[in-house]
Amino acid sequence: MSRLDIHLCPALSDNYVHLLHDASSGATAAVDPGEEEPVLRAIAQRGWTLTHILITHHHADHTGGAVALKEATGCRVVGTALDARRIEGGLDIALAPEEHFALGCAMARMMAVPGHTSGHVAWWFPESTAVFCGDTLFAGGCGRLFEGTAEQMWESLRRLRDLPEDTRVYCGHEYTLANLRFAVTMDPGNPALRTRLADVEAERSRRLPTVPSLIREERATNPFLRADTDALRISTGLPPGSRPADVFAEIRRRKDRF
């Protein structure tokens, strides 16, 4: 097993491409390259050779640079077989849900986390204490339900919430400040959330990235992961005994209008 060197690569207006480098083998992957130029610059600066692209879901802002990167580097595109037909250029390696993938000496588990899209996956590298979750789980938030149901998304978020608490959460966008400003409207009595919001406001005022976060702080402050708590049920106005998936759905509905 090997611990990855991880580099955050801003792309488009608010996307992140995550570059993963296994020093022991030289293998390097780009997770969700929405465009190619930032990736090519970053690997050239570091002297890395791109060997793989890891895809979480088919949306163009996460796949738009894949074909050009493959043409420029000869890398191989890896993703779920469920999405193979919806990814421009297709997949070179199509995995079944929950299958493992070796990036050099670093082993990942491809987790099925549908909801934002029907075929969405996350890439969990236990030895690197890192999960690359695309648009399922955001720092302080979660993705919109474009193709899945609230029940599916809630179960996907629960799976991510159950990862070890020191797992670093590498999501696909710099949405944290807006997410936390909404979160305090749903969970105003949460002191950890207010502290986190103040910290993120300070970071963004200095144009610093707020990704990655940690699973432990998402558990404590992300309202979408707290849909099974009394505080969030009461905040939504739903009656005692309401299903967490219904509480989650109401939080998501309010965020969509925020």
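Two rings of Phe, Tyr or Trp count as a pair here if their centres lie within 6.5 Å. With that cut-off, a search of the whole structure, which is a predicted model, turns up seven aromatic pairs. Below is a quick tour of some of those rings, the sheet, and a buried threonine, Thr136.

**Aromatic rings**

- Take Phe125 and Phe132: their ring centres are 6.0 Å apart and the planes meet at 85°, so this pair is edge-to-face.
- Phe125 and Phe132 are both buried.
- Phe224 and Phe248 make an edge-to-face pair too, with 5.7 Å from centre to centre and 65° between the planes.
- That second pair ties together distant parts of the chain, 24 residues apart: Phe224 is in the loop between helix 7 (215–221) and helix 8 (230–236), while Phe248 belongs to helix 9 (residues 244–257).
- Both of these residues, Phe224 and Phe248, are buried.
- Phe224 and Phe248 also belong to one aromatic cluster with Phe182 and Phe258.
- Elsewhere, Arg46 puts its charged end over the ring of Trp48, 5.9 Å from the ring centre.

**The six-stranded sheet**

- The sheet is open and mixed in its pairing, with its six strands in the order 7-8-9-10-13-14.
- Strand 7 (100–103) and strand 14 (213–214) are the edge strands; each has a single partner, so one side of each has no neighbour in the sheet.
- Strands 7 and 8 are antiparallel and share four bridges, with His100 opposite Arg109 of strand 8.
- These two strands make a hairpin with two residues between them, and Gly104 in the turn has a positive phi of about 65°.
- Strand 8 also pairs antiparallel with strand 9, again over four bridges; here Met111 has Ala122 of strand 9 as its bridge partner.
- Next along, strand 9 (residues 121–125) runs antiparallel to strand 10, joined by three bridges, and Trp123 has Phe132 of strand 10 as its bridge partner.
- Helix 4 (residues 150–161) packs on this sheet and touches strand 8 (106–112), strand 9 and strand 10, with its direction at about 155° to that of strand 8.

**Thr136**

- Thr136 sits in the loop between strand 10 (130–134) and strand 11 (137–138).
- Its relative accessible area is 0%, so Thr136 counts as buried.
- The side chains of Thr136 and His120 are joined by a polar contact of 3.2 Å.
- Beyond its neighbours within four places in sequence, Thr136 is in contact with several residues, including Val113, Cys142, Gly143, Met153 and Leu157.

Notes
Residues numbered from 1 in each chain as written. Predicted model: local features only at pLDDT ≥ 70, side-chain atom pairs only at ≥ 80, totals over all residues. Heavy atoms only, no water. Buried < 20%, exposed > 50% of the residue type's maximum accessible area, 1.4 Å probe, protein only. Polar contact = N/O pair within 3.5 Å; in protein donor to acceptor, adjacent residues only side chain to side chain. Contact = heavy atoms within 4.5 Å. Pairing = 2+ DSSP bridges. Axes fitted to C-alpha atoms, helices over the stretch in contact; angles between N-to-C directions. Phe/Tyr/Trp six-rings, centres within 6.5 Å; stacked < 30°, edge-to-face > 60°. Lys NZ or Arg CZ within 6 Å of the ring centre and 35° of its normal.
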